[in-house]
Amino acid sequence: MKIVEHGERSDSKTPMKSNRRYANTMLMLVAVASLCAVLPFTGCKSAGPGAKQLSLAVNSGVEGDALKQAARDYESLTGVRVNIAEFPYDNLFEKEQIDLTAATGAYDLIMLDDPWFPRFASEQLLTDLAPLFQKQGQTGPDEDFIRASIALCKHPYETGATFALPYVGNSQLFFYRKDLFEKYNLKEPATWDDVLTAAKTIDEHERTGSPGGGRVYGYVMRAARGNSAVADFMPIFWSFGGEMFGEDHLRRFPQPAVNRKEAIDALKFMIELGKYAPNGYASFNASEVSAHLLQGTAAMSINWPAWISAFSDPEKSRVAGKMNFAVMPGARTEGRAEIGNWLIAIPRACRNADAAFDFLLWATAADQMKKSALAGNPPTRRSVFTDSELLAKFPSYPAQLRSLERSRPRPRTPQWNEIENVFGIFISRANSGELTAEDAMNQANAEIAKIVERNSR
Amino acid sequence: MMRSLGKNRSHAATVRGRETALPYLLIAPTVAVLVALSIYPLIYAVRISLQTGSGEAARWSLANFTRLASDKFFIEALAHTFIYAVVALTFEFLLGLGLAVLLDRPLRGRSLFRSALLIPMMLPPVVVGVVWRLMLNPDFGAINGTLKGAGVNTESLTWTASPVLALASVIAVDIWQWTPFMFLVLLAGLQAIPQEPYEAAIVDGSTAWQTFRYVTLPLLKPAILIALLLRTMDLLRVFDQIFILTEGGPGFSTETVSLYIYRTAFRFSDFGYAAAMSFVLLLLTNIVSVGYIRLLQKQEAA
């Protein structure tokens, strides 16, 4: 027995030894592997001036796709390799915010939505383009760019230095059903009162008028908290004379003014209009609004140009060819749409600013922008808006150009994300019936004041 | 001879040394990963929660923690989180227990029921969110469509769009998805109970209720506590379904602490305040978990 036991033990010794050797090898492998995994994060980049490589952060969507295509064309034209990092909208902001703050220089160019610009620019995270323009013998962006779009690229707004160039020129449009307006002898709405009258008329008479035999609601809007509710409220808010900030709006930390009478009146009007909107619109986002419009169950709406192509496509739309696109109605003041442009900027930590700027100029030039426009992105240049080939393809271009030219930006504050969130919560609460318009605006004002106060410390 | 002995001895010593070093070497990668991925971020989170401002402008202060007490949104989000957790946990537990007891018996088609019941749990919460978002749509959704078909007036049943019904709607979706988890854990617990106590109970002439109350429940208690513990931890940090279903709306009516933390960190870039909120959530989760574990230990000791 003992011998056997002993034998077993000594037998097991050999495999154990090789096991140990095996374990040691594995340990080494693990160590090497983890070193390899860590190395890419140490920021060793070989790029320098005249680099043959650029990296570009874009959003996933039709706007980013156009820029990706431009990057491929640029590659075959110049031989400069363009690496693309693509992220969904929300992640793009997170990535850029973190990367720019940490100044890693991971991206030579970034695509950004214009409300993010004040934040990046005020924290000095972007490259001033003036010296780069000078090197090219130019004084700044050319006059062909729409003024409202270029104003977004300056910090401070409209008057400061240029830190980006506009790539996609979205601004809201007023969508309405041409056929129903003709049927009830209604004119294209010039004011929000016209909109309300038309909504009432259509709502009363079209209880079974939709293509599916159901009700046609007079109006449909997005009042889900956040960006949705705020974007659909702003044109009403402004036209009633509402302003986010008071007389000191040019100061760095201005006082909010959303509890003034004009603002409360605007919210009351929105709630009134909501009586002719589908149930539950207080939770609607773009998808619900477009579903109603495409199904023919709503007659009017504020929407972004990106949706226009879907309305002329009979595959997607039950009302193809019946939708008109107009500029924003007014009220106490002229109607103005909210602008929402995609910009391209060079992070301050970029190590190939010259090469990046060359690409930036190339991608935003008229002939490249036309390609992007053909793919469905509204341009930011007058010459592209008036291009005959594009006009034939996009009959709404004249309305889009007029809308963009007199559009307004969201308040230019670095705290916009936070303010928009709070403002959206209270607009949504008022529309769902949880709060009165007065209460909602008073509470929103108090919360916005807190945000401003906190950031001024 | 001596030399070779010494050689042997030193060889034995290195072998022994290697033997004592080996376990440490083997756990080293795990420890390294743990330090890199858990300990360091945790320390970093403590640091930023105690700072205001960022970069060179950063100052040490307790402002992030004092702000919590006066932040109406945080307090409301905390209340939603607790209502969500308590209601969902209660329903999931009762339904899960009922189903487990039912399907523990020899029923025809039992295995079919068992596997069908597990489907909701297998789905990613994001998919569940999208599916229910469509089903709960007041105009085009299947729920109101069915109700309309049955002659119910659905005018005011706007589910996720109604400030009154929204929280109940997201809780209902959670119950739908996670009752199967309770069921699974409790069923496993039931099947681990030996037959003898039941036989003894029958001999003693106990009724079905008495058997359930005095035999099944006490023996099932460890499984119950573990199921409750795991679900509570998950419920307190619920994020994905709500994010897809309502994004915390309408208004603020379904915002939970996790959503608020996410927004504060990644939308408003206020990482310090987000870290402070995370600690409060962590603390509360810990208190509840320790409570469960105490109960469990008491049970084992008894």
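How many residues of chain A are in contact with how many residues of chain B? Let me begin with that, and say at once that what we are looking at is a predicted model, for which the scores are ipTM 0.81 and pTM 0.84. The answer is that 22 residues on the chain A side are in contact with 24 residues on the chain B side. On chain A, the elements that each supply at least two residues of the side touching chain B are helix 1 (2-38), helix 3 (89-102) and helix 18 (416-431), and of these it is helix 18 of chain A that gives the most, with six residues. If we sort the residues of that side of chain A by character, we find eight nonpolar, nine polar and five charged.

Let me stay with chain A and turn to its domains. Domain 1 of chain A is made of two stretches, 53-162 and 340-405, and domain 2 of chain A likewise of two, 173-338 and 411-456. The centres of these two domains, taken over C-alpha atoms, are separated by 28 Å, and where the domains meet, 14 residues of domain 1 of chain A are in contact with 16 residues of domain 2 of chain A. On the domain 1 side, two elements give two or more residues to this contact, namely helix 4 (117-122) and helix 17 (397-405) of chain A, with helix 17 giving the most, four residues. The residues of that side of domain 1 divide into six nonpolar, six polar and two charged.

Now to some strands of chain A. Strand 6, residues 164-171, has eight of its eight residues buried, so this strand is largely enclosed by the rest of the structure. Strand 6 of chain A pairs with strand 10 of chain A in the antiparallel sense, over seven bridges, and if you would like one pair to look for on the screen, A:Ser171 has A:Ile339, in strand 10, as its bridge partner. A second antiparallel pair is formed by strand 7, residues 173-177, and strand 8 of chain A, which are joined by four bridges; here A:Tyr176 has A:Met300, in strand 8, as its bridge partner. Strand 8 covers residues 300-303, with A:Met300 and A:Ile302 pointing one way and A:Ser301 and A:Asn303 the other way, and all of them are buried.

One residue deserves a closer look, and that is A:Pro347. Where does A:Pro347 sit along chain A? Its place is in the loop between strand 10 (339-345) and helix 13 (353-363). Is A:Pro347 buried or exposed? There are 24 other C-beta atoms within 10 Å of A:Pro347, and because 20 or more is the criterion for a buried residue, A:Pro347 counts as buried. Leaving aside residues up to four places away in sequence, A:Pro347 touches A:Leu100, A:Gly105, A:Tyr107, A:Ile110, A:Leu125, A:Leu126 and A:Thr127. A:Gln124 is 223 residues from A:Pro347 in sequence, yet in space the two are 9.2 Å apart, C-alpha to C-alpha.

Let me move over to chain B. Chain B has twelve helices and two strands, and when we read along the sequence, the pattern is α-β-β-α-α-α-α-α-α-α-α-α-α-α. Its radius of gyration is 27 Å, well over the 19 Å that the globule rule gives for 302 residues, so chain B is more spread out than a compact globule. Along its principal axes, the C-alpha trace of chain B spans about 100 × 75 × 35 Å. Buried residues make up 30% of the 302 residues in chain B, and among contacts in chain B between residues at least 6 apart in sequence, 70% join residues at least 24 apart. As for confidence, chain B averages a pLDDT of 89, and 92% of the residues score at least 70.

Chain B, too, is assigned two domains, with domain 1 covering 22-61 and domain 2 covering 71-301, and their C-alpha centres lie 32 Å apart. The contact between them takes five residues from domain 1 of chain B and six residues from domain 2 of chain B. Helix 1 (2-49) and strand 1 (51-52) of chain B each supply at least two residues on the domain 1 side, where helix 1 has the largest share, three residues. By character, the residues of that side of domain 1 of chain B are two nonpolar, three polar and no charged.

Technical notes: Residues numbered from 1 in each chain as written. Chains lettered and ligands numbered in written order. Predicted model: local features only at pLDDT ≥ 70, side-chain atom pairs only at ≥ 80, totals over all residues. Buried ≥ 20, exposed ≤ 12 C-beta atoms within 10 Å, placed from the backbone. Contact = placed C-beta atoms within 7 Å. Domains from an automatic or database assignment. Nonpolar A, V, L, I, M, F, W, Y, C, P; charged D, E, K, R; others polar. Rg over C-alpha atoms; globule rule 2.2 N^0.38 Å. pLDDT = per-residue confidence, 0-100. Pairing = 2+ DSSP bridges.
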